[in-house]
Amino acid sequence: MGILIVFLISALGAALGAAPSAQAHRPPGIAYPPSSCAARVSTALVPQGGSLTVLGCGFAPQSPVSIDVLSSVVHLTTVRADRNGDVVAEVTLPKAIEEGPHTIRLTGENPDGTERVQKVGIEVCEDGHGAPPSPPAGTGGHEAGGLAGTGLSGTTFTVVAAGLLLSVGSLTLLLVRSRRRRARAS
């Protein structure tokens with residue numbers, strides 16, 4: 001029984017310790033998890049002359065990142081990645097951009113000095129027919145420059161909390177049974 005309690009406490013400690021630490025201790029400019037590091041936009045449907053927020057990640061810290069719209073290349077802006085290699089920029093599309101599918105391209109440098117290119121698709125619609133901008137995915141509804149993430153997502157928190165409650169309930173049940181056995185033996 002003592003082994004079971006030690007196991008439960010160890011598992012709980014590992015779950016609590018592992019969830020936020022992978023994000024909190026990442027090296028600057030390295031995305032976590034790596035597969036989720038991709039360019040994103042605040043809205044995929046943008047009117048001609050409309051604005052949207054562009055997000056990128058995994059760039060060399062403090063390095064310049066060029067943001068362009070493709071079909072025919074139109075340079076929108078150049079911004080500097082933050083100390084973590086992340087980019088957040090509000091850009092306005094030219095009114096002359098044709099309706100239809102386009103690609104937003106972010107071009108910069110990886111932390112190792114090689115070229116880094118990220119792309120994300122958008123749909124340009126006739127001026128005045130676009131959807132209102134929605135918050136960028138992963139920002140929790142905050143605009144650029146909003147609150148920083150803690151590294152503990154809502155799903156992770158729920159799983160950890162459920163595990164904690166399950167562990168505490170199991171431990172309580174084991175202690176109650178142990179006391180009953182001792183009382184009967186006496």
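**Exercise 1. Find which backbone oxygen the side chain of Gln 118 reaches, and place Gln 118 in the fold.**

Step 1: the side chain of Gln 118 gets to the backbone oxygen of Cys 57, at 2.7 Å. That passes as a polar contact (a pair of N or O atoms within 3.5 Å; within protein, one must be able to donate a hydrogen and the other to accept it, and residues adjacent in sequence count only if both atoms are side-chain atoms).

A quick word on the ground rules. This is a predicted model, where local features need pLDDT of at least 70 and side-chain atom pairs count only at pLDDT 80 or more, while totals for chains, interfaces and linings use all residues. Residues are numbered from 1 along each chain as its sequence is written, and side-chain values use heavy atoms, with hydrogens and water left out.

Step 2: Gln 118 sits in strand S8, residues 115–125. Strands (E, at least two residues) and helices (H or I, at least four) are DSSP runs, numbered from the N terminus.

Step 3: with a relative accessible area of 5%, Gln 118 is buried. Buried means under 20% relative accessible area, exposed over 50%, and partly exposed in between (1.4 Å probe, protein chains only).

**Exercise 2. Work out the order of helices and strands along the sequence.**

Step 1: tally the elements, and you get two helices and eight strands.

Step 2: walk along the sequence, and the pattern reads α-β-β-β-β-β-β-β-β-α.

Step 3: for burial, 30% of the 186 residues count as buried.

**Exercise 3. Track down the salt bridge and say what it ties together.**

Step 1: searching the whole structure turns up one salt bridge. The term means a side-chain nitrogen of Lys or Arg within 4 Å of a carboxyl oxygen of Asp or Glu.

Step 2: the partners are Asp 68 and Arg 105, whose closest N and O atoms are 3.4 Å apart.

Step 3: Asp 68 belongs to strand S4 (residues 64–70) and Arg 105 to strand S7 (residues 100–109), so the pair ties together parts that are 37 residues apart in sequence.

Step 4: check the cover on each partner. Asp 68 is buried at 5% relative accessibility, whereas Arg 105 is partly exposed at 22%.

**Exercise 4. Decide how far apart in space Ala 39 and Val 120 are, then do it for His 75 and Ile 104.**

Step 1: Ala 39 is in the loop between helix H1 (2–24) and strand S1 (40–41), and at 9% relative accessible area it is buried.

Step 2: Ala 39 and Val 120 are 81 residues apart along the chain, yet their C-alpha atoms are separated by 5.8 Å.

Step 3: His 75 is in strand S5 (residues 74–80) and counts as partly exposed at 45%. Its C-alpha lies 9.9 Å from that of Ile 104, with the two positions 29 residues apart in sequence numbering.

**Exercise 5. Look at two loop residues, Gln 62 and Asn 110.**

Step 1: Gln 62 lies in the loop between strand S3 (51–56) and S4, and is partly exposed at 42%.

Step 2: the phi of Gln 62 is near 60°, a positive value in a residue other than glycine. Most residues other than glycine have a negative phi.

Step 3: Asn 110 is in the loop between S7 and S8 and is buried at 13%. Its side chain reaches the backbone oxygen of Glu 115 at 3.2 Å.
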